[in-house]
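Reader: I am in my first year of study and should like to look closely at a single part of this structure. Would you please describe the surroundings of one ligand, and then place them within the rest of the protein?

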Amino acid sequence: MGEVNLSQVMDRNQSFVDRVIEESGQDIRQCYQCAKCSGGCPGSSEMDYPPNQIIRMLMLGMKEEVLNSRTIWVCMGCNTCTTRCIRDIQVAAVMDTLRQEAVRAGYVDKAQTVLNFNDSFLWTVRTFGRLFEPGMAMLNNLKTGNYMKDMQFGLPLMLKGKASMFPHRIKGRREMKKIFDNVQGGK
Ligand code: SF4
Ligand code: SF4
(Lines give C-alpha, C1' and ligand atoms only; values in the text may rest on other atoms or scores of the structure.)
(Ligands and ions follow the chains in the order given, each with its own letter.)
Protein backbone atom coordinates (compact mmCIF):
# COMPACT_ATOMS: atom_id res chain seq x y z
CA MET A 1 0.00 0.00 0.00
CA GLY A 2 1.42 3.42 -0.93
CA GLU A 3 1.28 6.66 1.04
CA VAL A 4 -2.28 7.74 1.86
CA ASN A 5 -3.54 11.24 2.75
CA LEU A 6 -6.14 10.15 5.29
CA SER A 7 -8.10 13.38 5.71
CA GLN A 8 -8.57 13.70 1.94
CA VAL A 9 -9.55 10.04 1.65
CA MET A 10 -12.05 10.34 4.53
CA ASP A 11 -13.71 13.38 2.97
CA ARG A 12 -13.92 11.74 -0.44
CA ASN A 13 -15.33 8.43 0.75
CA GLN A 14 -17.52 9.35 3.72
CA SER A 15 -20.72 8.54 1.83
CA PHE A 16 -19.33 5.08 1.01
CA VAL A 17 -18.57 4.41 4.68
CA ASP A 18 -22.02 5.62 5.72
CA ARG A 19 -23.62 3.31 3.15
CA VAL A 20 -21.66 0.28 4.41
CA ILE A 21 -22.72 1.08 7.98
CA GLU A 22 -26.35 1.43 6.91
CA GLU A 23 -26.50 -1.63 4.65
CA SER A 24 -24.64 -3.96 7.01
CA GLY A 25 -26.48 -2.57 10.05
CA GLN A 26 -23.11 -2.52 11.88
CA ASP A 27 -21.70 0.58 13.53
CA ILE A 28 -18.03 -0.05 12.81
CA ARG A 29 -17.15 3.16 14.69
CA GLN A 30 -17.64 1.14 17.90
CA CYS A 31 -14.62 -1.04 17.04
CA TYR A 32 -11.84 -1.03 19.69
CA GLN A 33 -9.26 -2.63 17.38
CA CYS A 34 -8.76 -5.44 19.87
CA ALA A 35 -8.17 -7.83 16.92
CA LYS A 36 -10.08 -10.69 18.54
CA CYS A 37 -11.93 -11.09 15.24
CA SER A 38 -8.67 -11.63 13.39
CA GLY A 39 -7.28 -13.93 16.08
CA GLY A 40 -10.06 -16.43 15.45
CA CYS A 41 -10.47 -16.00 11.70
CA PRO A 42 -9.72 -19.30 9.92
CA GLY A 43 -9.04 -17.48 6.65
CA SER A 44 -6.66 -14.81 7.94
CA SER A 45 -3.48 -16.53 6.70
CA GLU A 46 -4.77 -16.20 3.14
CA MET A 47 -5.93 -12.61 3.52
CA ASP A 48 -3.95 -9.53 2.57
CA TYR A 49 -5.41 -7.63 5.55
CA PRO A 50 -6.84 -9.34 8.66
CA PRO A 51 -10.50 -8.51 9.45
CA ASN A 52 -9.70 -5.90 12.14
CA GLN A 53 -7.53 -4.01 9.65
CA ILE A 54 -10.34 -4.03 7.12
CA ILE A 55 -12.61 -2.48 9.76
CA ARG A 56 -9.97 0.13 10.56
CA MET A 57 -9.36 0.95 6.89
CA LEU A 58 -13.10 1.27 6.44
CA MET A 59 -13.32 3.69 9.38
CA LEU A 60 -10.63 5.74 7.65
CA GLY A 61 -12.58 5.79 4.39
CA MET A 62 -10.04 3.73 2.42
CA LYS A 63 -12.61 2.55 -0.11
CA GLU A 64 -10.30 1.48 -2.96
CA GLU A 65 -7.99 -0.52 -0.69
CA VAL A 66 -10.87 -2.29 1.04
CA LEU A 67 -12.80 -3.12 -2.13
CA ASN A 68 -9.61 -4.22 -3.88
CA SER A 69 -8.55 -6.50 -1.04
CA ARG A 70 -8.33 -10.28 -1.25
CA THR A 71 -9.71 -10.43 2.28
CA ILE A 72 -13.35 -9.81 1.38
CA TRP A 73 -13.25 -12.73 -1.11
CA VAL A 74 -11.29 -15.10 1.12
CA CYS A 75 -13.85 -14.55 3.91
CA MET A 76 -16.16 -17.57 3.97
CA GLY A 77 -18.81 -16.04 6.19
CA CYS A 78 -18.20 -18.47 9.05
CA ASN A 79 -19.14 -15.83 11.65
CA THR A 80 -16.27 -16.68 14.02
CA CYS A 81 -15.31 -13.00 14.06
CA THR A 82 -18.87 -12.04 14.87
CA THR A 83 -19.07 -14.37 17.86
CA ARG A 84 -15.70 -13.15 19.19
CA CYS A 85 -16.27 -9.42 18.86
CA ILE A 86 -16.32 -7.67 22.23
CA ARG A 87 -18.31 -4.77 20.71
CA ASP A 88 -21.03 -6.94 19.15
CA ILE A 89 -20.04 -5.93 15.65
CA GLN A 90 -21.11 -8.50 13.07
CA VAL A 91 -17.90 -8.41 11.08
CA ALA A 92 -19.15 -11.13 8.73
CA ALA A 93 -22.11 -8.90 7.80
CA VAL A 94 -19.69 -6.06 7.02
CA MET A 95 -17.68 -8.42 4.76
CA ASP A 96 -20.87 -9.42 3.00
CA THR A 97 -21.80 -5.79 2.36
CA LEU A 98 -18.29 -5.08 1.09
CA ARG A 99 -18.53 -7.95 -1.42
CA GLN A 100 -21.78 -6.50 -2.74
CA GLU A 101 -20.21 -3.04 -2.94
CA ALA A 102 -17.18 -4.47 -4.76
CA VAL A 103 -19.34 -6.15 -7.40
CA ARG A 104 -21.46 -3.02 -7.86
CA ALA A 105 -18.36 -0.84 -8.24
CA GLY A 106 -16.59 -3.33 -10.56
CA TYR A 107 -13.77 -4.35 -8.19
CA VAL A 108 -13.88 -7.99 -9.28
CA ASP A 109 -10.30 -8.82 -10.32
CA LYS A 110 -9.72 -10.89 -7.20
CA ALA A 111 -13.26 -12.21 -7.11
CA GLN A 112 -13.58 -14.13 -10.33
CA THR A 113 -13.09 -17.59 -8.78
CA VAL A 114 -15.76 -16.89 -6.17
CA LEU A 115 -18.17 -15.32 -8.67
CA ASN A 116 -17.78 -18.25 -11.10
CA PHE A 117 -18.56 -20.69 -8.31
CA ASN A 118 -21.56 -18.62 -7.17
CA ASP A 119 -22.94 -18.45 -10.71
CA SER A 120 -22.49 -22.20 -11.22
CA PHE A 121 -24.17 -23.01 -7.91
CA LEU A 122 -27.09 -20.67 -8.53
CA TRP A 123 -27.57 -21.93 -12.09
CA THR A 124 -28.28 -25.46 -10.86
CA VAL A 125 -30.71 -24.19 -8.20
CA ARG A 126 -32.49 -21.98 -10.71
CA THR A 127 -32.71 -24.75 -13.30
CA PHE A 128 -33.53 -27.80 -11.20
CA GLY A 129 -34.85 -26.26 -8.00
CA ARG A 130 -31.98 -27.64 -5.93
CA LEU A 131 -28.26 -28.14 -6.07
CA PHE A 132 -26.94 -30.60 -8.67
CA GLU A 133 -23.29 -31.09 -7.72
CA PRO A 134 -21.91 -32.69 -10.93
CA GLY A 135 -23.60 -30.01 -13.07
CA MET A 136 -22.24 -27.28 -10.82
CA ALA A 137 -18.71 -28.72 -10.98
CA MET A 138 -18.80 -29.07 -14.78
CA LEU A 139 -20.15 -25.57 -15.33
CA ASN A 140 -17.57 -24.15 -12.94
CA ASN A 141 -14.80 -25.99 -14.80
CA LEU A 142 -16.06 -24.62 -18.12
CA LYS A 143 -16.08 -21.09 -16.74
CA THR A 144 -12.57 -21.36 -15.30
CA GLY A 145 -11.03 -23.36 -18.16
CA ASN A 146 -9.90 -26.12 -15.74
CA TYR A 147 -11.94 -28.70 -17.64
CA MET A 148 -10.82 -31.80 -15.72
CA LYS A 149 -10.61 -30.31 -12.22
CA ASP A 150 -11.93 -32.70 -9.53
CA MET A 151 -13.28 -35.06 -12.19
CA GLN A 152 -11.48 -37.98 -10.52
CA PHE A 153 -13.90 -37.69 -7.58
CA GLY A 154 -17.06 -37.94 -9.68
CA LEU A 155 -17.20 -41.67 -10.37
CA PRO A 156 -16.29 -42.84 -6.82
CA LEU A 157 -18.94 -40.50 -5.38
CA MET A 158 -21.54 -41.81 -7.80
CA LEU A 159 -20.64 -45.45 -7.12
CA LYS A 160 -21.08 -44.81 -3.38
CA GLY A 161 -24.45 -43.16 -3.97
CA LYS A 162 -23.18 -39.78 -2.72
CA ALA A 163 -23.81 -38.01 -6.03
CA SER A 164 -26.14 -38.68 -8.93
CA MET A 165 -25.36 -38.46 -12.63
CA PHE A 166 -28.80 -36.94 -13.21
CA PRO A 167 -30.34 -33.92 -11.49
CA HIS A 168 -33.25 -34.26 -9.12
CA ARG A 169 -35.91 -31.80 -10.28
CA ILE A 170 -38.32 -30.33 -7.73
CA LYS A 171 -42.01 -29.74 -8.51
CA GLY A 172 -42.04 -25.98 -8.05
CA ARG A 173 -39.39 -25.10 -10.63
CA ARG A 174 -41.52 -22.40 -12.24
CA GLU A 175 -41.93 -20.69 -8.88
CA MET A 176 -38.21 -21.05 -8.26
CA LYS A 177 -37.48 -19.31 -11.58
CA LYS A 178 -39.86 -16.50 -10.62
CA ILE A 179 -37.95 -15.98 -7.36
CA PHE A 180 -34.69 -15.76 -9.32
CA ASP A 181 -36.28 -13.39 -11.87
CA ASN A 182 -37.46 -11.14 -9.07
CA VAL A 183 -34.06 -11.07 -7.40
CA GLN A 184 -31.80 -11.08 -10.46
CA GLY A 185 -34.05 -9.30 -12.94
CA GLY A 186 -34.29 -12.33 -15.30
CA LYS A 187 -30.53 -12.79 -15.59
S1 SF4 B 1 -16.65 -14.59 8.71
FE2 SF4 B 1 -14.92 -14.15 7.38
S3 SF4 B 1 -13.72 -12.61 8.46
FE4 SF4 B 1 -15.08 -13.56 9.95
S5 SF4 B 1 -13.90 -15.19 10.88
FE6 SF4 B 1 -15.05 -16.10 9.20
S7 SF4 B 1 -13.67 -16.01 7.45
FE8 SF4 B 1 -12.84 -14.61 8.99
S1 SF4 C 1 -13.30 -8.04 17.54
FE2 SF4 C 1 -14.73 -6.34 17.22
S3 SF4 C 1 -13.89 -4.65 18.43
FE4 SF4 C 1 -12.25 -6.17 18.18
S5 SF4 C 1 -11.14 -5.49 16.34
FE6 SF4 C 1 -12.66 -6.97 15.66
S7 SF4 C 1 -14.43 -5.73 15.08
FE8 SF4 C 1 -13.11 -4.45 16.35
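Author: Let us begin with ligand 1, which is surrounded by 14 residues, the closest being Cys 41, Cys 75, Cys 78, Cys 81 and Ala 92. Two elements each give two or more residues to this shell, namely α6 (80-84) and α7 (91-105). The largest share, three residues, is that of α7. By class, the shell around ligand 1 holds ten nonpolar residues, four polar ones and no charged ones. Please keep in mind that the model is a predicted one.

Helix α7 deserves attention in its own right. It has 15 residues, and at 1.5 Å a residue these should span 21 Å; the C-alpha atoms at its two ends are 21 Å apart, so the expected and the computed lengths agree. Ala 92, named above as one of the closest residues to ligand 1, is also among the buried residues of α7. The others on that list are Val 91, Val 94, Met 95, Thr 97, Leu 98, Arg 99 and Ala 102. Just after the helix comes Gly 106, with a positive phi of about 80 degrees.

A second ligand allows a comparison. Around ligand 2 there are 15 residues, and the closest are Cys 31, Cys 34, Cys 37, Asn 52 and Cys 85. Here the elements that supply two or more residues are α2 (36-40) and α3 (51-59). The shell of ligand 2 divides into ten nonpolar, two polar and three charged residues, whereas the shell of ligand 1 has no charged residues.

The loop between α1 (6-24) and α2 contains Gln 33, and Ala 35 lies in the loop between α1 and α2 as well. Gln 33 has a phi near 60 degrees, which is positive in a residue other than glycine. Ala 35, likewise not a glycine, has a positive phi of about 70 degrees. Are these two residues buried, exposed or something in between? Gln 33 has 13 C-beta neighbours inside 10 Å and therefore counts as partly exposed. Ala 35 is partly exposed too, because 18 other C-beta atoms lie within 10 Å of its own.

Further along the chain, helix α8 (residues 112-128) packs against α9 at an angle of about 145 degrees, and their axes are 9 Å apart. The crossing of this pair is right-handed. On the side of α8, the contact is made by Asn 116, Phe 117, Ser 120, Phe 121, Trp 123 and Thr 124; on the side of α9, by Gly 135, Met 136, Leu 139, Asn 140, Lys 143 and Thr 144. Taken by class, this contact has five nonpolar residues, six polar residues and one charged residue. The twelve residues of α9 (residues 133-144) should span 16 Å at 1.5 Å a residue, and its end C-alpha atoms are 16 Å apart, so expectation and model agree. After α9 comes Gly 145, whose positive phi is near 80 degrees.

These parts belong to a protein with eleven helices and zero strands. Its C-alpha trace spans about 60 × 35 × 30 Å along the principal axes. Of its 187 residues, 22% count as buried. Among contacts between residues at least 6 apart in sequence, 62% join residues at least 24 apart.

Notes. Residues numbered from 1 in each chain as written. Chains lettered and ligands numbered in written order. Predicted model: local features only at pLDDT ≥ 70, side-chain atom pairs only at ≥ 80, totals over all residues. Helix = DSSP H or I, 4+ residues; strand = E, 2+ residues; numbered from the N terminus. Expected span 1.5 Å × (residues − 1). Near = placed C-beta within 6 Å. Nonpolar A, V, L, I, M, F, W, Y, C, P; charged D, E, K, R; others polar. Buried ≥ 20, exposed ≤ 12 C-beta atoms within 10 Å, placed from the backbone. Contact = placed C-beta atoms within 7 Å. Axes fitted to C-alpha atoms, helices over the stretch in contact; angles between N-to-C directions. Left-handed = near helix turned anticlockwise from the far one by under 90°.
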